[in-house]
Every structure is written in C-alpha cells, then in structure tokens.
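Dear colleague,

I am pleased to hand over the structure discussed for your work. Please find it below, followed by an account of what was found in it.

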Amino acid sequence: MYEKITAPNTGSRITFKEGEPIVPDNPIIPFIRGDGTGVDIWPAAQKVFDAAVHAAYGDKRQISWFKIYAGDEACDKYGTYQYLPEDTLQAIKEYGIAIKGPLTTPIGGGIRSLNVALRQINDLYACVRPCKYYAGTPSPHKTPEKLDVIIYRENTEDIYLGIEWRQGSPMAEKLISLLNNELIPGTPEHGKKQIPLDSGIGIKPISKTGSQRLVRRAIRHALRLPKDKQQVTLVHKGNIMKYTEGAFRDWGYELATTEFRAECVTERESWILSNKERNPDITLEENARQIEPGYDALTPEKQAEVTSEVEGVLNAIWDTHGNGQWKEKIMVNDRIADSIFQQIQTRPDEYSILATMNLNGDYLSDAAAAIVGGLGMGPGANIGDTCAIFEATHGTAPKHAGLDRINPGSVILSGVMMLEFMGWQEAADLIKKGIGDAIANRKVTYDLARMMEPPVDPPLKCSEFADAIIKHFK
Ligand SMILES: NC(=O)C1=CN([C@@H]2O[C@H](COP(=O)(O)OP(=O)(O)OC[C@H]3O[C@@H](n4cnc5c(N)ncnc54)[C@H](OP(=O)(O)O)[C@@H]3O)[C@@H](O)[C@H]2O)C=CC1
Ligand SMILES: O=C(O)CCC(=O)C(=O)O
Ligand SMILES: [Mg+2]
C-alpha cells in the first residue's frame, strides 16, 4: 500500500475519539528526521524517548518508530522535487501522531513550506508552544523563571493561507484595479485611499470558525491548568485591523461567554462585578464610568452603550459569577500584539495561555523561547481533531548541521509534549527531570554553554547532551 516505506511489524495504531488520542501500549509512531541539524537532533532525541519509556514502563510499553520521509531525504529516496511524498502523508493520516525534525523551506516554486503544508493538509489548526524555564538555564532576562506561558497559535489561515500576487503580475494589476476603482470607493469608511500601482498584494483571511476552534482548544487547556494559571489572553492588533485582528478578539470573547459561560469571566466583566462588590449601591452609570477610560468625553449614545453593557453583564452573570465567584473562573482578557511583547518581558508572571493568530504567534513564540534559553529550548505541537504532529519552534539551523553540536532540547521537549498528549506522563516527567538536572549541573550544548557564567568549556556535543539527560533520569 505504501510505495517505498514499510510500517514496523510490531505495534498498532493510535486512534482518536472526540479529539483525544486512544493509545495502545505499543503504538507505531511515524517520524521525519528533518533537514539540516535534523541529522544530529533526531538520533539524540529518539535515544532519550526510548530510554524514558523503558525506564518508566519496562517491557509493558514501547514505541515502534516508523521512518517516513520529507525534505531532502525524501528527494534522495523518491526523486527530484519529491519533498513531501504521498507515502508520508498517508502514514501520518493512518497513525495519527507523528514527530518531526525541522525541514528546509525550498527556495523557488512548488510547495511554499513543507512544515506549513504538513499542518494544513492534516488540518492541525492549533500550534501549541509552551515556554517554560528550567532552573539554571542561562537567559538574557533577569527573571526568566517568571515566564511560564503556552502560546496557542492559529495554524492554518492568516499568512499561512499564502494568498499573494507578485508586484507587476497580471493578477496583481487586475486586483489593484478592482480595489482602487470599485471596492475602495464603494466602502465609505475607506475614504479616498488608493493602493499604489506597483504593489505586491497579500491577503490575510481570518475566519470565525478558524479563530473560535483555536480559542476553544486554548480554553480547554486552561481548564486543565492549576487555578492560578487559568487564564487565556487573546493577542491581536485590533486597534488597527478591525475586521481581522479585532474580529479574532471579538470571536474569542464571544466563544468564551457562550460555550464556556459557566467557566469563564472576561476581564471587563470582572471589573463590572468587582465594582458592584465594593459598592453594592453603585449606579449603572457610575459602574460604566469606572470601566471605560474617558467615559465622560464619550457621546451620549456611546455612554448609553457602555451603561447598557454593564446592565447586561450584571443581569446575565451576577448570580453565577458575582460576590467573588468570578475569581474561581478562567479569566479571558486581551492584549494588543505589540504590547504583549513588552508585557512578557516586564510582567511575565501575569500571563498563562496566549491565543494568537498565525503571524503574531510566529513572532511571539521565538521571542518567548529566547527568554527561557533560546531556540534550543522551544518545543511545539501542531494539533488537530484527528491528528497531531510534534516539532520544535526552530528551523534547520544549517550552519550547525552534521557537526553534532546543536541543542536537541527543543525536539526532546516536543517529545515530552507528545508523551503527555499520549497520556504517558511518567516517561514525560523523567525526561523533564533529566533535562532540568543536566542543565542545573552545567551539562549543556554550545548555545547554553556560551551564555553561562562562567561559560562551560568545552560544551557537550548534541549526542552527549542526550546521554546526560538519560543519566539524570535517576
Ligand atoms: N518547523 C520548521 O521546520 C521550521 C523550519 N524553518 C526553516 O529552517 C531554515 C533555517 O531557518 P533560520 O531562519 O536559519 O532559523 P533557525 O531556527 O533554523 O536557526 C536560526 C538560529 O537559531 C539558533 N538555533 C536554531 N535551532 C537551534 C537549536 N536546536 N539549538 C540551539 N540554537 C538553535 C541558531 O543560532 P546561533 O547560530 O546563534 O547559535 C541558529 O543559527 C529555513 O529554511 C526555514 O524556512 C524555520 C523555522 C521552523
Ligand atoms: O516552515 C517554515 O519555513 C517556517 C515555519 C515557522 O517559522 C514556524 O512554524 O514557526
Ligand atoms: Mg517561526
């Protein structure tokens, strides 16, 4: 049934029920080694995964690895330009959970990005990237231990839809003409704006369905966190782009206050409720004044809108959320994208889950990883309703490829996420302990070694770091 690969002859498939995996004791898990530093990272990571599963479960549980191909390795095996063979797509679909190393984005035509293609083909709509500090990890930040966030990044639309036209192409010219001559003049709020004729054009679609399914997963995750981390922040640039970024925020709030009404409170609702808790006789108008900066400068219509919002909230949730009950709920708030970049630096402990659209989440996940030690410490998962692919935040880091020096930490921590997703918590915990203790004992690769005080010299090789992690299971 496959053209050039054969599944292991031991083990069985992981299946999904209502978005959750059902995992046998001997699952078959496809893996893609990856390009560039994938040659160094994958063997190191696989060694750690196998050792952890064996240490946690003895012979009772075991992963049967199924090698599948993408990127340069696929071209070697399947032929020129065969970056993403049908065999690979079929195996991922069939076995449900896969893990991969980084893949080079080919320059030129064809598939825009193999990594993005894998996420879109499998509808892996949530890119989940936790950034948590391991004690002893060197960081450019003074208090990196205060950052413990999980980025939930929408993974299929926004710039990932990749709808663009090159400057000067007939389609770009046609579209600009349509926009300048019909659509912009036909929309009074656009005034006399015109698109310069020599523009390239990119389209950034943000759908309600795509936004809400991402936020749904983020809220469900928040429900599983300890009480003090039960918070979801909607990240957007809605002050500028109201119908894409602003809509993402609005749809997020809508979902939180309908589907998760019993479990959630929004930040604004919490202000309204606490105003009344502090002063039970507060008028609706005074309450509105306290939640809306510049209330007195608003038009009477706008003031009436805010007052009616206050009344609506009190009528709807005072009984269920008032008198401090809201403090037990998941707090849903929102922050403007540029502000959240400084907030994770200046007030890192005020955030938990950051739900973002695609591009904002791409930037934010590298930035947050930098605080906790860099791209060598940035794991990730791409999750859909019937499939999940685990992979690091970083790319192929080509200048380090084949030198056995790169930090395999991100792929190893992506494996920890995979084991947790499978419910194999004991094995995941062993790896986390191993990484934490190795770092605390200054057993680190070059990237962390150079930032340590005093620097670690010589640093461990990539393969040696894997051994150090295993040694520190005990
Ligand atoms: N999911 C994926 O597979 C992704 C693939 N890519 C692709 O990867 C290729 C290279 O992209 P590039 O922009 O160079 O970004 P990379 O993330 O590959 O590397 C940039 C730099 O980050 C540091 N770094 C990356 N990985 C690690 C690691 N494991 N341990 C320690 N440090 C690390 C290195 O910094 P230093 O040298 O200073 O130590 C490296 O030079 C491109 O083709 C890109 O499209 C990019 C992102 C994600
Ligand atoms: O696929 C790529 O080239 C880039 C992907 C990326 O940057 C990411 O997933 O964070
Ligand atoms: Mg990225």
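How far does a backbone N or O atom of T396 lie from an oxygen atom of ligand 1? The distance is 3.0 Å. Please note before reading further that this is a predicted model, and that every value quoted here was computed from it.

Ligand 1

The shell around ligand 1 holds 23 residues, of which G395, A397, H400, N407 and Y446 come nearest. Divided by class, this shell has 7 nonpolar, 10 polar and 6 charged residues. Two helices, α4 and α15, each supply at least two residues of it.

Besides the backbone contact of T396, two side chains may be of interest to you. A polar side-chain atom of H400 is found 2.7 Å from an oxygen atom of ligand 1. In the side chain of N115, an N or O atom is 2.9 Å from an oxygen atom of ligand 1. On its own, ligand 1 has 880 Å² of accessible area, and the protein covers 70% of this.

N115 itself belongs to helix α4, which spans residues 114–121. Is N115 buried or exposed? Its relative accessible area is 12%, so N115 counts as buried.

Ligand 2

N115 appears again in the surroundings of ligand 2, together with T105, S113, R119, R129, R153, Y160 and D362. By class, the shell of ligand 2 consists of 1 nonpolar, 3 polar and 4 charged residues.

Three side chains place an N or O atom at a short list of distances from an oxygen atom of ligand 2. For T105 the distance is 2.5 Å, for R129 it is 2.9 Å, and for R153 it is 3.3 Å. The protein covers 73% of the 290 Å² of accessible area that ligand 2 has on its own.

The unreviewed UniProt entry can be set beside this shell. Under the feature "binding site", the entry lists S113, N115, R119, R129 and R153. In the model, S113, N115, R119, R129 and R153 are among the residues around ligand 2.

Cysteines

How many disulfides does the model contain? The count comes to 0. A disulfide is a covalent bond between the sulfur atoms of two cysteines. For C131, the closest cysteine sulfur is that of C127, and no bond is possible because the 11 Å between the two sulfurs is too far. C131 is buried, since its relative accessibility is 2%. C387 likewise takes part in no disulfide, as the nearest cysteine sulfur, again that of C127, is 14 Å away. With a relative accessibility of 4%, C387 is also counted as buried.

An annotated lysine

The unreviewed UniProt entry lists K142 under "modified residue: N6-acetyllysine". In the model, K142 sits in the loop between β6 (126–132) and β7 (148–154). Is K142 buried or exposed? K142 is exposed, because its relative accessible area is 83% and the cut-off for that class is over 50%.

Further residues

Q230 is placed in the loop that runs between α6 (208–224) and β10 (231–236). Q230 has a relative accessibility of 9% and therefore counts as buried. Its side chain makes polar contacts with two backbone oxygens: that of L223 at 3.2 Å and that of A222 at 3.4 Å.

V444 occupies the loop between α14 (425–440) and α15 (446–449). The relative accessible area of V444 is 0%, so this residue is buried. Along the chain V444 and S463 are 19 residues apart, and their C-alpha atoms are separated by 11 Å.

Y2 is located in the segment before β1 (15–17). Y2 is buried as well, with a relative accessible area of 13%, which falls within the class because the cut-off is under 20%. From Y2 to S211 there are 209 residues in sequence, and the distance in space, C-alpha to C-alpha, is 36 Å.

With kind regards

Note on methods:
Residues are numbered from 1 along each chain as its sequence is written. Chains are lettered from A and ligands numbered from 1 in the order in which they are written. This is a predicted model: local features need pLDDT of at least 70, side-chain atom pairs count only at pLDDT 80 or more; totals for chains, interfaces and linings use all residues. Side-chain values use heavy atoms; hydrogens and water are left out. UniProt positions are given in the numbering used here, feature names are shortened, and annotations may be inferred rather than shown by experiment. Helices (H or I, at least four residues) and strands (E, at least two) are DSSP runs, numbered from the N terminus. Buried means under 20% relative accessible area, exposed over 50%, partly exposed in between (1.4 Å probe, protein chains only). A residue is near a molecule or strand if one of its heavy atoms lies within 4 Å of it. A polar contact is a pair of N or O atoms within 3.5 Å; within protein, one must be able to donate a hydrogen and the other to accept it, and residues adjacent in sequence count only if both atoms are side-chain atoms. Accessible areas come from the Shrake-Rupley method with a 1.4 Å probe; for residues, only the protein chains shown count as cover. Ala, Val, Leu, Ile, Met, Phe, Trp, Tyr, Cys and Pro count as nonpolar, Asp, Glu, Lys and Arg as charged, and the others, Gly among them, as polar. A disulfide is a pair of cysteine sulfur atoms within 2.5 Å.
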